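These are my notebook entries on a structure that I went through feature by feature. I begin with the surface and work inward from there.

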Amino acid sequence: DTLTATPVSIAPGFATQGAANVPMARLDLVVGSNEVDVAAVRVDLSGQGADPGDVSLARLWLDDGDGSFLPANDTLLGTSGFSGAPPTARLPITPSLRVAMAAPKRVFVTYTIAPGAGVGDYVGARMPDETYVELEFPDLIASAGFPFDTYLFPSRTRIDASVDTVLVTAAAGRMPGNVTQWEADVPALALTIDADRNLVDL
């Protein structure tokens with residue numbers, strides 16, 4: 001049987017450092033007869049200045065039926081980092097995702113942007129051909145819709161600096177009861193400092 005996978009970009013214009021589950025692409029999966037089993041989906045990291053240090057994780061999600069990506073409602077199918085040249089993430093599905101003639105499926109690819117991602121870099125999700133949707137033998141996939149890439153300079157997806165807040169979570173006095181004249185480096189105060197969501201340079 002033959003699967004038709006239609007890729008569509010849902011990538012935003014920008015994403016901030018440390019942003020989790022940034023929607024990048026969706027795949028609509030339809031089979032004309034009987035059923036096929038999808039074993040994995042692969043994506044290449046595309047963009048300008050992009051490297052694996054910009055994206056911590058790629059994830060694959062199964063839509064819950066409402067047609068929109070909502071991580072609280074959709075089902076996580078697979079997770080992977082990027083490696084190799086070009087940087088590729090293989091998102092295995094265990095057990096394989098069955099697509100039947102009367103039951104099309106929609107899946108989403110998301111990125112988690114690294115906290116230290118390069119500000120001003122552009123990232124995208126690329127699928128150069130239909131083999132990036134892996135099927136169980138002996139089924140086939142149609143080539144329509146490929147190659148596919150969400151990256152489009154200068155429209156999407158630019159990495160912006162995160163706006164974070166320094167939090168003083170604890171403060172304690174450390175001044176001893178007595179000190180001598182000219183004594184150096186006397187402890188006076190201890191502070192515990194955190195960032196609200198990402199990282200802050202002091």
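I looked up L189 first and found its place in strand β15, strands being DSSP runs of E of at least two residues, as helices are runs of H or I of at least four, both numbered from the N terminus. At 56% relative accessibility, L189 counts as exposed; I use buried for under 20% relative accessible area, exposed for over 50% and partly exposed for what lies in between, with a 1.4 Å probe and protein chains only. I note that the model is predicted, that local features need pLDDT of at least 70 and side-chain atom pairs pLDDT 80 or more, whereas totals for chains, interfaces and linings use all residues. Residues are numbered from 1 along each chain as its sequence is written, and side-chain values use heavy atoms, with hydrogens and water left out.

**Entry: the nonpolar patch.** I then asked which residues make the nonpolar surface patch together with L189. They are V166, V168, L191, I193 and L202, and with L189 they make a patch of about 610 Å². A patch here takes residues with over 30% relative accessible area and no salt bridge, joining like charges within 9 Å and nonpolar side chains (Val, Leu, Ile, Met, Phe, Trp, Tyr) within 5 Å; the areas come from the Shrake-Rupley method with a 1.4 Å probe, and for residues only the protein chains shown count as cover. β14 (166–173) and β15 (189–195) each supply at least two residues of the patch, and β15 gives the most, with three.

**Entry: the core.** In soluble globular proteins, nonpolar side chains tend to be buried together. I took a nonpolar core as a set of buried Ala, Val, Leu, Ile, Met, Phe, Trp, Tyr and Cys residues joined through side-chain atoms within 4.5 Å. The largest such core has 43 residues, of which L3, L29, V38, Y111, I113, M127 and V133 touch the most other members. Several strands supply at least two residues each, among them β1 (2–9), β4 (35–48), β8 and β9 (122–127), while the largest share, six residues, comes from β3.

**Entry: aromatic pairs.** I searched the whole structure and found five aromatic pairs, where rings of Phe, Tyr and Trp (its six-membered ring) pair if their centres lie within 6.5 Å, and planes under 30 degrees apart count as stacked, over 60 as edge-to-face and the rest as tilted. F69 and F108 form a tilted pair, 5.6 Å centre to centre with 55° between the planes. This pair links distant parts of the chain, 39 residues apart, with F69 in the loop between β5 (55–62) and β6 (75–80) and F108 in strand β8 (residues 105–113). Both F69 and F108 are buried, and with W61 they form one aromatic cluster.

The rings of F82 and Y111 have their centres 5.4 Å apart and their planes at 85°, so I logged that pair as edge-to-face. F82 lies in the loop between β6 and β7 (88–100) and Y111 in strand β8, 29 residues apart. F82 counts as buried at 10% relative accessibility, and Y111 is buried with a relative accessible area of 0%.

**Entry: charges.** I counted eight salt bridges, each a side-chain nitrogen of Lys or Arg within 4 Å of a carboxyl oxygen of Asp or Glu. D28 meets R26 in one of them, at 3.3 Å from N to O, and R106 in another, with the closest N and O atoms 2.5 Å apart. D28 in strand β3 and R106 in strand β8 are 78 residues apart, and R26, D28 and R106 are linked in a network of salt bridges. D28 is buried, with a relative accessible area of 17%, whereas R106 is partly exposed at 22%.

E134 forms a salt bridge with R42, the closest N and O atoms being 2.9 Å apart. The charged end of R42 also sits over the ring of Y132, 4.2 Å from its centre; the rule asks for NZ of Lys or CZ of Arg within 6 Å of the ring centre and within 35 degrees of the ring normal.

**Entry: backbone.** I closed with the cis peptide bonds, one of which joins F137 and P138 with omega about 10°, and another runs from F153 to P154 with omega near -5°.
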